[in-house]
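Subject: A structure for you to look through

Hi there,

Here is the structure I promised to pass on to you. Please open it beside this email and follow along as you read.

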Amino acid sequence: MLEPIHIKIGRNLQIIRKSRGLSLDQVSDLCGVSKGMLGQIERGESNPTISVLWKIVNGLRISFATLMEEPSQGVSIVKVEDITPFKEEEGAYRAFPIFPFEQDKGFEMYSVEVDPGCSHVSEAHYEGVEEFIMVIEGILHISLDSGEYVLEANTMMRFSADQPHTYSNRTDRPIRYITLLHYPSSNR
């Protein structure tokens with residue numbers, strides 16, 4: 001049986017915090033997340049939202065999936081239906097962590113589903129992070145500082161993710177896409 005993702009996140013957050021010699025107060029100051037919430041996450045009592053997790057990873061300058069890391073086992077076969085997604089926008093935006101971050105690889109990959117009419121704003125990641133997107137199904141609108149981009153099925157995009165960006169589904173059909181986040185080697 002797979003370990004619930006919020007338990008894994010809590011354990012990894014505590015390991016990272018303690019390995020850096022940080023108190024919950026110090027992590028709270030770095031991330032802008034309350035000490036109480038951080039404690040609940042570490043104890044596995046809270047299933048944090050994507051927004052809270054982004055505050056933590058940006059404050060600690062780690063990859064998103066570092067919080068979900070497991071030792072590499074050589075060959076990995078993943079079924080999206082076996083993964084617990086991170087949910088935002090009242091469940092209308094679901095991100096499934098397919099391949100969590102591994103230090104030596106420098107990237108993490110998600111399968112994302114966006115319901116009709118949903119928009120999700122992603123905070124800026126830290127400097128040097130790049131995002132690669134491949135739309136599998138539907139029409140995805142991505143808004144960046146440089147403008148708005150429309151991606152149809154079988155279309156790919158690469159952009160600097162150190163700026164706020166918004167994913168929108170303006171259709172009446174669901175969207176599915178794969179996203180890969182690449183982290184610069186100086187931040188790994």
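To start with the strands: in which sense do β5 and strand β8 (residues 156-160) pair, and over how many bridges? The pairing is antiparallel, and it runs over 5 bridges. Before going further, please keep in mind that this is a predicted model.

You can pick out one matched pair in that pairing: E131 has F159 of β8 as its bridge partner. β5 is also joined to strand β10 (residues 175-182), by 7 bridges, and these two strands run antiparallel. Here a pair to look for is E130 with its bridge partner H182 in β10.

Now for another group of strands. An open sheet is formed by 4 strands in the order β4-β9-β6-β7, with antiparallel pairing. At its edges are β4 (119-122) and β7 (147-151), each of which pairs on one side only. From one strand to the next, the twist averages 20°. Within this sheet, β6 (residues 140-144) is joined to β7 by 5 bridges, and L144 has G147 as its bridge partner in β7.

The loop between β6 and β7 holds D145. Is D145 buried or exposed? It counts as exposed, because its relative accessibility is 64%, and the cut-off for exposed is over 50%. Leaving out residues up to four places away in sequence, D145 touches Q163 and P164. If you would like a feel for distances, try D145 and F86: they are 59 residues apart along the chain, and their C-alpha atoms are separated by 25 Å.

H125 makes a good contrast to explore. You will find H125 in the loop between β4 and β5 (130-137). With a relative accessible area of 5%, H125 is buried, because buried means under 20%. Its side chain makes a polar contact with the side chain of H165, at 3.5 Å. Not counting residues up to four places away in sequence, H125 touches W54, N58, E131, A161, D162, H165 and L181.

W54 and N58 bring us to helix α4, where both are among the buried residues. Why can we call α4 largely enclosed by the rest of the structure? Because 9 of its 11 residues are buried. Besides those two, the buried residues of α4 include I50, V52, L53 and I56. Just after the helix, R61 takes a positive phi of about 55°.

Next, the largest nonpolar core, which has 48 residues; among them, I56, F64 and Y177 touch the most other members. Helix α4 (residues 50-60) gives this core its largest share, 7 residues. You can trace the surroundings of F64 yourself: leaving aside neighbours within four places in sequence, F64 is in contact with I50, L53, W54, V57, F86, E108, Y110 and Y183.

Last, a pair of helices. Two packed helices are described by the angle between their axes and the distance between the axes. For helix α1 (residues 5-19) and helix α3 (residues 35-42), the axes come within 7 Å and cross at roughly 115°. On the α1 side the contact is made by H6, I9, G10, R11, L13, Q14 and R17, and on the α3 side by L38, I41 and E42. Sorted by class, this contact has 4 nonpolar, 3 polar and 3 charged residues.

Enjoy exploring, and write back with any questions!

Best wishes

How values were computed:
Residues are numbered from 1 along each chain as its sequence is written. This is a predicted model: local features need pLDDT of at least 70, side-chain atom pairs count only at pLDDT 80 or more; totals for chains, interfaces and linings use all residues. Side-chain values use heavy atoms; hydrogens and water are left out. Two strands pair if DSSP finds at least two bridges between them. Axes are lines fitted to C-alpha atoms, for helices over the stretch in contact, and angles run from 0 to 180 degrees between N-to-C directions. A nonpolar core is a set of buried Ala, Val, Leu, Ile, Met, Phe, Trp, Tyr and Cys residues joined through side-chain atoms within 4.5 Å. Buried means under 20% relative accessible area, exposed over 50%, partly exposed in between (1.4 Å probe, protein chains only). Contact means heavy atoms within 4.5 Å. A polar contact is a pair of N or O atoms within 3.5 Å; within protein, one must be able to donate a hydrogen and the other to accept it, and residues adjacent in sequence count only if both atoms are side-chain atoms. Ala, Val, Leu, Ile, Met, Phe, Trp, Tyr, Cys and Pro count as nonpolar, Asp, Glu, Lys and Arg as charged, and the others, Gly among them, as polar.
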